[in-house]
Structures are given as C-alpha cells and as structure tokens.
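Visitor: Hi, could you walk me through this structure?
Guide: Happy to, let's have a look together.

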Amino acid sequence: MAQATTGGRQATAAPLSPYAIELKGISKSFGPVRANRDINIAVPRGTIHGIIGENGAGKSTLMSILYGFYRADAGTILINGHETAIPDSQSAIRAGIGMVFQHFKLVQNFTVLENVILGAEDGALLNTSLARARKVLGELSREYDLDVDPDALVEDLSVGHQQRVEILKALYRQADILILDEPTGVLTPEEADHLFRILQGLKDQGKTVILITHKLREIMAVTDNVSVMRRGTMVGTVKTSQTSPEALAELMVGRKVLLEVEKKPAAPGRLVLDVRDLRVKDDAGVERLKGISLSIRAGEILGIAGVAGNGQSELLEALGGIADATGHVVMNGVELPLAGRRNNGQTRRAAGISHVPEDRQSLGLIMDFTAWENIGFGYHNAPEYQRNALLMNNAALRADTERKMATFDVRPPIPTLAAKSFSGGNQQKIVVAREIERNPDLLLVGQPTRGVDIGAIEFIHKQILGLRDAGKAILLVSVELDEIMGLADRILVMFDGRIMGERDPEKTNERELGLLMAGITETKGA
Amino acid sequence: MTKLPRWADVVLVPLICLIIAFAFSAILIAAIGQSPAHAIWIMIDGSLGSTYGLGYTLYFATNFIFTGLAVSIAFQASLFNIGGEGQATLGGLGTALACLLIPWPHWSLALMASILASAAFGAAWALLPAWLQARRGSHIVITTMMFNFIAYALMNYVLVNILRPQGSMDPATARFPVTVNLPKLGDILGVVGIPFSSKNPANISFLIAIALAFAVWVLLWHTRLGYALRAFGKQEKAAIYAGIDPVRITIYALLLSGGISGLMAINAVQGAAHRLVLNSVEGAGFIGIAVALMGRNHPFGIVLASLLFGFLYQGGTQLALGTTIPREVITVLQALVILFTGALPYMVQRPLEALFARLARKEAA
C-alpha cells in the first residue's frame, strides 16, 4: 500500500511527456449514433483545460471513456505519455484520474470522513483508516483551501461544501488529473468563485484539471486551454487567452450566434398579476414559500433569481395551479382559487396563464406521446381541437402542430415523432411553441434554456422578448444569472422561500445578486 | 438506441415468443412420452378444424376480448386492475337479474337491458377500489384482488339464499326464459349463407366484443377522456400540470374497466349458460391480464391475443379429451404461452434490435 500523501507521487515519477492526458483517435458509437469520432486531444500537465460543446456533442461520452464507464471502439489513451487501458473506473483511479460528477455520489447520512474513505478503506477495521484519513484530509484542506469539517454529516452541508467533499475524495485517492462535469450548475456565484480558487490552487500544485461546462464565462475565467466539441467531433483546441466568447460560441454551434439578445426598453402597462402573501407547504408540512408578494405589469419581464431549491419551483407550481397555496393571487382583476378542485391547470389556462414548466421532461411533455399530441397537451379541451361534442379533431391538431413546428423551427419537423426522440432544445421549442402561441396574458417560464443548446437559447430568448414587446406579462424563473440579467426588466432574488430584495438589472451586478442569493441582505440603511 | 421497425415490434416479437413457447411445450410433451406433433395436430384440428370447434374457440375468445379490454383500459391509465374476475362475476348477477325479473318479448330488448345491467354491476364493483385508490391511495392491486374474493362470497350467498329456485340443490339461478336467448353465431352466419355450426356457444356477443374493441380504440385515441387517461397513465405529474384531475381520471378509468369486465356476462351467462352459476367467469378475468399484456394494451392486439387464447383453451380441452396428456400439462402449456408472450418479450426484443441494427449498418456500408 502506497502512503497516501499528495507529494510522494510527483517526486518519484519524473515526467517524460509534457502531457498529462493524450487521447488519440478515440471513436465510440452507440448503434448508428456516432457519439465520438476520431477525437484527438492533448492536455498539458499542470493546466486547467476546458471542454465545451452543446448538449449531445459527445463531451460526457468522452469523459466516460476516460473514466472507464465506456470502452472506446477505437483509439488510444496516453496517461503521462504511457499508453494506458482503462476498462473500468478502478483502473482510472489507479491511473490517477479523479472525477467529480454533476450529481454528487455521496452517502447523505455519513460524515465527510466516512464518505472520503468509502471504497478506499485499508483493512477490515475502520479505525486505522479513519485516523489516517483524518490526518491526510487535514493536510489536503490546508494545501488547497478546501475547508470542510471532517466530522460533519454530508446531509448538513451546503451544495458547495458537498462538492468540496467530492474533490477531497478524488485527491485522497491520489488523483493527479481531476475531471469536473458541469460543476457550477448548483452553485451560487460566490461558491463558484471559491471553486475556481480551489481549482487554481490545484493547478499551482501541479495537478491537471479538466473542466466540462457549457458556460462560456467560466471557460474564459479559469481555463488555460479550451477544446470545443461539436456533434461528436473535436472542432478545435485554442489558448483561452487568444479567443473570445463569441468565437467559442461560433465554434460550438457552427455559425454566428448572438450571445446577448437585443432588448428594447420595457413599456410596462396595466397591472396583470398581483400576488399577496403567497405561502406553500410541501407534503411533509414544511413551509417552502413563506409569504411571497409581487406584481407584474403588462409588457414587462419579472425575473426571479436564486439558487435552485429556494422556493422558485413552488412559486411556479402555485401560480400554475399545480400545488395548493394560501394567500391571494389576482389575475386581471379576478382572484384565482389557490386550493380545491378549481385550483388546476385548466382553470389557470382559462384565466390567460400559460406555463413553460421548469422540467419539460417530467412536466411539460408526455415523452411517449407524439409531437402533435404534445402540442395539444393542456389544451386538449380547446374548441379548435374538437370535431364535435364527442370526438377530438386529431387532424386539426396535427395541422396546427405542423404550423407551430415551422414557426418555431423544430427539427425534425415531424409531428408523428415521439417527444423523447427530439433533442432537449427541440423539446423545449415544442413546449414554448405550445404555450406562447396561446397568446397568454401572463407567461410563467421556468428555466427556459436548461439543457438547451446555444442556438436554441438565442431563439427562445427572442420569443420571450417578443411576447413581452407584444404587451404581455412574463414571470421568468432561472438559476442562470446571465439569463435573468439579460432578459428581465426587474429582478427579485429568492432565498429560503422569501424574496430578499428587488434590483434593477441595469444597476446591479452578479456579486450583489450573489450575496442576496446566499441570503445575505444589505446591512446599510435598514 | 436503435428501435425496431413497427411491423417487427407488433408482429415479429409476439410470433417469435409464441414459437419459443410452443417449442418448450413440445419438449414437455415429448418428456412425458407423447408425440408433440400429434398433440399439436389435435389442438389445431379440435379448435380450428371444424366450424363446431371454431365456434368454441370464438366463444372463449369473446370472453377474453371483454376482460382483456377491461384490463387494458385501466392499464392505459397506469392502473393495474386485477379485479376483472370479481367485476365479471357481478356483471353476471346484473345480467341474470335483467333476464329473470322482466319478461322480455324479444331477445334484442333483453340484450340491451343485460348490457346496461352487467356493465353497471361490473362498474359498481370497481367503484369502491377506485375511490379508495383515488382518494386514499389504497393500492388497487390489493383492493381489487380482495374484491374478487368478496364477489365470490357474495355470489355464493345470493345464489344459495335468494336466487336458487325452490327445490333445487344447485347453487344457480333458474334457466332464463327462452325468449332472452341470444342468436347463435351459426344462425347469424346462416342468414348470409355461410354454413357454421350452431351446436356451440358462440353467439352474437362475439360481434359486440369486436365492436367494443373498436369503441375502446376510438375512446382512447380520439376523445378528450382517452387523451387525458393516456396522459395520466404515462406521466401523472405532467397530467396534473396540464390540469387533468387525477382523482376523476382514476375513477373513470376503473369504472370503464369494471363495466367492460361486467359485459363478459352477456356472452358467458346470457349467451351460453342461460342461467347464472356460481363460477360463471371461470378464470377469464385473470386471462384478461395476459391477453392485455400480449396485445400490448391495444384493442386490435387484444382481439388477436384473445383469438390465440381461445385457440389454446379449446385446443387444450380437445387435448384432454383426445389424449392421455394430463389436464395439468395443458395448464402448463397455457402458462408457457403467457410467460413467453406476456412477460418475456424483452428477451426477444434485445437480440432482435441488435440484429436489425447490424442489418442497418451493413446496408449503410
């Protein structure tokens, strides 16, 4: 058993090759789908290397090959210049590769220490392992600014701290190469900045970091080099200092993309939605929405910022008629029912509210239904889709679907294809087409571009702005601050089921919003 | 992930499953010292070789179409109604009361009353489990199963204490008046000049079952209720987002399911037995589950699967009569078919998918 100190390894193995990882000619197919085609990439040791690409570009497949989840059909992997076979994740760990997944793989009711040694215990007795791990963990924490209480239960830790535990796990297994898959999706801007400092520290200690993300800003902020993937191929590797977000976006999509949507100044009109003291309890009786009051006028976008899980979903569900709530919601001067049988999606639609839900795959679409059936979803009682009192007019629904697919550029434009067969972006276009084309007075939108590729993001943003300019009220919930800052006319920040404050997107910055998102209110004034 | 072409999914997979099932059956028959070829010939000849045998096959198939449709309509709403047995039993009571209480001048009037009564009784028997599921979350697999036993006990009580004619030792109702007897399939086909035996229980209910299958197809794919029901069955949370009331859909789906189960009585009770006996359903409620599985919950598939099970039932009866193969072996044969066609199609699907993918790649290359 090698002594688990972080320095020992580097001292013994004198680097032969300047590259920590080299992939040569990697190809991988799933049936007829070629997820990776002849991928070549070389990651210099001691650098932070970004990999970006749209959803389905093959980033995850490539990393899964590197971590031993899949075997490549062709190609070779070189670790520190040596050809290495990685048939399983144990081999990857032995080769010095550590992986931090998007969804953490931690045992919630174990302590940090127990999680760190899980699977890396030496001997049958835990005590010796735990004692040794405590010592190593202390060293690691000091070395890399990874401050975590080793005896805290994981379930009590914030998401940012849980991520640090994942990084510690990898380092404890003596990883020299750390792969992080979309690490900032669940973090506040503050936490993300801290993570980047940690990564910088790892780099300074000679570790190699591979950062997979779709956020161009992060790539620009922390990486040394960046590789761009598009449809299974590697379209280029460039020095970060010599590129720009626009150039990267163009590489990713294959055409010019507008990152910032053109936005006319808002012209707020009459009051459309007025919410007073809205409260929602979850199934366990815990209050998730603790008295929300807000109002939206015609022709404006109200953005709700916040880290996921701070009541935004409950707000959308209460307004969309999905969850029961207490308080008052007045829509176009009429009070809406918030509980009971009249509180449902049908009465909400009748009141002029459309809803693009946060999770299109579990809420917004029936994945096994065809595109045309999904275009009627929620509006299956609409008179234009009926043949007579008894039968639906499926032909009319199909024709309407063809029209909407053309308007919203859904690809492929085949109404009879099942929703699950479309890419994430096109699924979202189906939902957006259905809800926006209803011409609602109020549009509720949750995470409109989650898992959607850049080209479709641009399109969906334009549609939302178009609806605003047509004099409609829009409630936009998103965990992407860029999106909120780019689209909203007013921003409310939610934390722990409450509204922490309102900001003007023109007069605020990510830092200020980030503090509010973390629950820190302004101390000045009061 | 490659997908099978539709024809392969609908036709090839069940066919291969069936062939495997028969292959295993052949091994079993050979193992007890009988000739598999002879046994299969007896089954085919006995169920399809004459219009007499074919009539029996269609009679059994009719029962299975009703119970299969019943299971499938609930299954489309993701509700597993295994209470078809009890609901059909109660349907029998409805039919018996309709036929016995009112002196009908013509069978057609009696049939309409019997359809209404059997469906209403079957649906009523599903109402309480439906309500418990929708409002209280009591799982219908448990409740409908228990209601099967309650139905049997209730029928026992009603037949022995109320409906049994005086002086009879048999726990059954009196024979229905001849005027309510349904026209035999042979008689109907005779009108249009097709010779068909009338010495079997096949009757007009077969045509009603076919019409019902079509009606269920229309309901599921061309009405708002069917749309809501299928959406609820696929993704309950999404259905709530769309404003579909889960309580109402659960209750409607199970009432429809129970009603269709109950309709089986017009075939078995009014059409064939002409009286209500203690065990008028004879397991058809459970066969309906296998039929629905094999028919992929599609009315068209259910009709085909019902014909297959009708063949197995009638063929199995002939096998028991014409050979020394024990009755239990026939049950095993039927079970093998259910196992392979209902429960194991994935076993066939995977290799087939790989095969088709390879063929597609070869074509592309």
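**Chain A and the cores**

Guide: To start with how chain A is put together: of its contacts between residues at least 6 apart in sequence, 68% join residues at least 24 apart. Keep in mind that this is a predicted model.

Visitor: Sure. How many helices and strands does chain A have?
Guide: There are 18 helices and 20 strands in chain A.

Visitor: And what is the radius of gyration of chain A?
Guide: Chain A has 25 Å. A compact globule of 526 residues would have a value near 24 Å, so the two agree. Along the principal axes, the C-alpha atoms of chain A fill a box of roughly 80 × 55 × 45 Å.

Visitor: What share of the residues in chain A is buried?
Guide: Buried residues are 53% of the 526 in chain A. As for the surface, chain A exposes about 22500 Å², with carbon and sulfur atoms supplying 51% of that area.

Visitor: On to the inside. Which residues have the most contacts in the largest nonpolar core?
Guide: Those are F377(A), L69(B), I244(B), F309(B) and L319(B), in a core of 133 residues. A second, separate core has 37 residues, including L140(A), Y144(A), L187(A) and L211(A). In soluble globular proteins, nonpolar side chains tend to be buried together.

Visitor: What does L69(B) touch?
Guide: Leaving out residues up to four places away in sequence, L69(B) touches F64(B), A209(B), L212(B), A213(B), V216(B), I260(B), P299(B) and I302(B).

Visitor: Last topic, charges. How far apart are the mean positions of the positive and negative charges of chain A?
Guide: They are 3 Å apart, taken over 60 positive and 66 negative charges.

How values were computed. Residues are numbered from 1 along each chain as its sequence is written. Chains are lettered from A and ligands numbered from 1 in the order in which they are written. This is a predicted model: local features need pLDDT of at least 70, side-chain atom pairs count only at pLDDT 80 or more; totals for chains, interfaces and linings use all residues. Side-chain values use heavy atoms; hydrogens and water are left out. A nonpolar core is a set of buried Ala, Val, Leu, Ile, Met, Phe, Trp, Tyr and Cys residues joined through side-chain atoms within 4.5 Å. Buried means under 20% relative accessible area, exposed over 50%, partly exposed in between (1.4 Å probe, protein chains only). Contact means heavy atoms within 4.5 Å. Helices (H or I, at least four residues) and strands (E, at least two) are DSSP runs, numbered from the N terminus. The radius of gyration is taken over C-alpha atoms; the globule rule is 2.2 Å times the number of residues to the power 0.38. Accessible areas come from the Shrake-Rupley method with a 1.4 Å probe; for residues, only the protein chains shown count as cover. Lys and Arg count as positive and Asp and Glu as negative; His and the chain ends are not counted. The place of a charge is taken as NZ of Lys, CZ of Arg, CG of Asp or CD of Glu.
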